[in-house]
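Here are some exercises to try with the sequence and the 3D view open beside you. Work on each task first, then follow the solution step by step.

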Amino acid sequence: MLLEARGLRKVYEGRGVVTHALDGVDLDVQEGEFAALAGPSGSGKTTLLNMLGALYVPDAGRVALDGQAYADLDAGQLADLRLHKLGFVFQAYNLIPVFSARENVEFVMELQGVETQVRRARAQPVLSEVGLERLGEKRPLELSGGQQQRVAVARAIVSRPRLVLADEPTANLDSKTAGRLLDLMGRLNAEHGVTFLFSTHDPLVMEAARRIVRLQDGCVVADEVTAPTAEPGTPEGA
Amino acid sequence: MLLRFAWRNLWRNPRRTAIVVVAVSVGIAGSLLSMGVNYGMVDQMVVTAIRTELGHIQVHAAGWEDEPTLQKTLPGGAATVVAALERDPRVRAWTRRVRGDGLVNSPRASAGVRVIGVEGEREGDVSLLREALVAGNWLGAAPRRALLGESLAERLQVELGDKIAVSVQDASGDLTGGGFRVGGLFHTPSSELDRSTLLLGLGEAQVLFALGDAVSEVVVVVHDPDEVEALRTSLAKELGPQVEVRSWAQLEPLLVYMVQSFDMMAWYLYAAVFTAMAFGIANVLLMAVHERTREIGMLRAIGMSRRRVVAMVVLESMWVTGVGLAVGMAVALGATWLLRDGIDLSAFAQGLAAYGVPPRLSPVLRARDFGMPLVIAGVAAGLASLWPALHAARERPAEALRHV
């Protein structure tokens, strides 16, 4: 088991209104999955994704990655866990504007203390993989939205995390660009065994996902496998 | 990595960074130049004091410090002292003097004076008295000649060649005196010296004060001013308790106090300037951090530790302060170079002369003068950045990512 979540609860209180964002969610994610958390706005997708990414602490319940419970880790150890085991792709790309595409991709490795030569050697093929080998020295503002999101994907996978969490990764992209990005992530999943978990309400993402976990009012209402989990090296769609 | 990141962060908003850099630069350049003028003035006072009378070191008979009387002399022409000085390679020059008090009378006025007997040949190597001669001839050109400061000559209403009578109490306590002609007039940077000093040849002064071959003091100048204390110590050890060997700093502690006061003033000045700047830097960094809330959330989300976020913001503060310091110091150095021929303060010449300061004042900046603002600026920049840095580090990544 790669990721295990049990009994997750989260309540938001504000201005006299109590909202149960998550109300006893159980979720398991296996290695190599290409899964989506789906549901309408306010269903708890992003809250759940943030909790699985060690960005939120649940009011109740537990999350464990590779058997390591988040509750047993302090803030510094959680930062280390996010740095070494998780990759993040955000809806708004969230690249560092003062760095080039290549530097953005290398940044996580810099935080990990990887030497310059090794960083360069790893970043270049990943940039090629996402189709940006010629745009490595461009800064984010010189790239289109789709290109920026591909840099974000490259940044998320370059240090070979155990799990990539992608929050509405196609929300700011047109359908054509979104389709290409999903193809890219599908290929990374199929060929390299990168595990992806999306939060989305984009039909394109749900169509591409091999498993869809549906949330409503903070509860899992459906969990369906639409295609078998890919074995690394399997061509996409096989 | 963080250095590069912090540096680039500065230039996200070049205008804002430029304003901080200019503020730091103007502050540091102004402070340094102001302190340079102060140091230049103190340096001139020290140089004037050393070159007019003090020398670097003076040797007197034991007890002179407590009671500087005519009877406290170095016998035998201070031969033992002279021999020690001749052997020491650190000594650049030395001269002997006789020093006493007297009354000088002209046909029209009289004045109390310090009568100083100097060695005509050697005095010029030790002090600026010889080069301060503005009329007449130096001692030794003719017998029974006296040299007067210009203002003393004015008080006495005498000119070159006029007769003056000098009355003194000699070493035996008898009242005595002698007649001299005004052989020359001098004008030094010290108005006090010019107003109250009469110079005689050493031999004539010894006769006047009935000292035989004894002298009041031996004045020494060294090649390297940094060796003064070492030479003073070794001379004191070699010459023993029969003599007092004192450096200029011991002879004129007020000058040392002034140097120390200016150093203290510099601390206060820099502290005030950088405290004001620190608030400006903190304000700018808070704005910058607030603008980057979402990005900081992303950095925390992808695994950047709080410690590194703090370091990044502190480094941004250090960078902007460092650039400001570099520019400010370069401006201060450039201005000091441009003013190397001195600032014309002739309008205040009379007042400055009372303190031994010449009417053209050159700012002085030494390498060590840059250390103090560096230290204070570093501390100020660090403290200024702590608040915004901790603010940034406290951001919760998930909330920060939602920041608009």
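Axes are lines fitted to C-alpha atoms, for helices over the stretch in contact, and angles run from 0 to 180 degrees between N-to-C directions. Helices (H or I, at least four residues) and strands (E, at least two) are DSSP runs, numbered from the N terminus. Residues are numbered from 1 along each chain as its sequence is written, while chains are lettered from A and ligands numbered from 1 in the order in which they are written. The model is predicted: local features need pLDDT of at least 70, side-chain atom pairs count only at pLDDT 80 or more, and totals for chains, interfaces and linings use all residues.

**Exercise 1. Describe how α1(B) and α12(B) cross, and list the residues that meet.**

Step 1. Find helix α1 (residues 2-10) of chain B; its axis and that of α12(B) come within 8 Å and cross at roughly 60 degrees.

Step 2. Classify the angle: under 35 degrees counts as roughly parallel, over 145 as roughly antiparallel, 65 to 115 as roughly perpendicular and the rest as oblique. The two helices α1(B) and α12(B) are therefore oblique to each other.

Step 3. Judge the hand: a crossing is left-handed if the near helix is turned anticlockwise from the far one by less than a right angle, and right-handed if clockwise. Here α1(B) passes α12(B) in a right-handed crossing.

Step 4. List the contacts (C-beta atoms, placed from the backbone, within 7 Å). From α1(B) come Leu2(B), Leu3(B), Phe5(B), Ala6(B), Trp7(B), Asn9(B) and Leu10(B), and from α12(B) come Arg308(B), Ala311(B), Met312(B), Leu315(B), Glu316(B), Trp319(B) and Val320(B).

Step 5. Sort by class: Ala, Val, Leu, Ile, Met, Phe, Trp, Tyr, Cys and Pro count as nonpolar, Asp, Glu, Lys and Arg as charged, and the others, Gly among them, as polar. This contact of α1(B) with α12(B) has eleven nonpolar, one polar and two charged residues.

**Exercise 2. Do the same for α10(B) and α12(B).**

Step 1. Helix α10 (residues 253-291) of chain B packs on helix α12 (residues 306-338) of chain B at about 135 degrees, and the axes are 11 Å apart. That angle makes α10(B) oblique to α12(B).

Step 2. The hand of the crossing of α10(B) and α12(B) is right-handed.

Step 3. In α10(B), look for Ile281(B), Leu285(B) and Val289(B); they meet Val313(B), Glu316(B), Ser317(B), Val320(B) and Thr321(B) in α12(B). Sorted by class, the contact of α10(B) with α12(B) has five nonpolar, two polar and one charged residues.

**Exercise 3. Work out how α5(A) lies against α6(A).**

Step 1. Helix α5 (residues 145-157) of chain A and α6(A) pack at about 15 degrees, with axes 10 Å apart. This is why α5(A) and α6(A) count as roughly parallel to each other.

Step 2. The crossing of α5(A) and α6(A) is right-handed.

Step 3. Gly145(A), Gly146(A), Gln149(A), Arg150(A), Val153(A) and Ile157(A) of α5(A) meet Thr177(A), Arg180(A), Leu181(A), Leu184(A), Met185(A) and Leu188(A) of α6(A). Their classes are six nonpolar, four polar and two charged.

**Exercise 4. Locate the domains of chain A and describe where they touch.**

Step 1. Domain bounds come from an automatic or database domain assignment. For chain A it gives domain 1 (1-68 + 162-238) and domain 2 (95-161).

Step 2. The centres of domain 1 of chain A and domain 2 of chain A, taken over C-alpha atoms, are 23 Å apart. The contact takes 13 residues from domain 1 of chain A and nine residues from domain 2 of chain A.

Step 3. On the domain 1 side of chain A, the elements that give two or more residues are β7 (163-167) and α6 of chain A. The largest share, six residues, comes from α6(A).

**Exercise 5. Describe the side of chain A that touches chain B.**

Step 1. Count the residues: 18 of chain A are in contact with 16 of chain B.

Step 2. On the chain A side, α2 (75-85) and α3 (101-112) of chain A are the elements that give two or more residues. The most, six residues, comes from α2(A).

Step 3. By class, this side of chain A has eleven nonpolar, four polar and three charged residues.

Technical notes: Contact = placed C-beta atoms within 7 Å.
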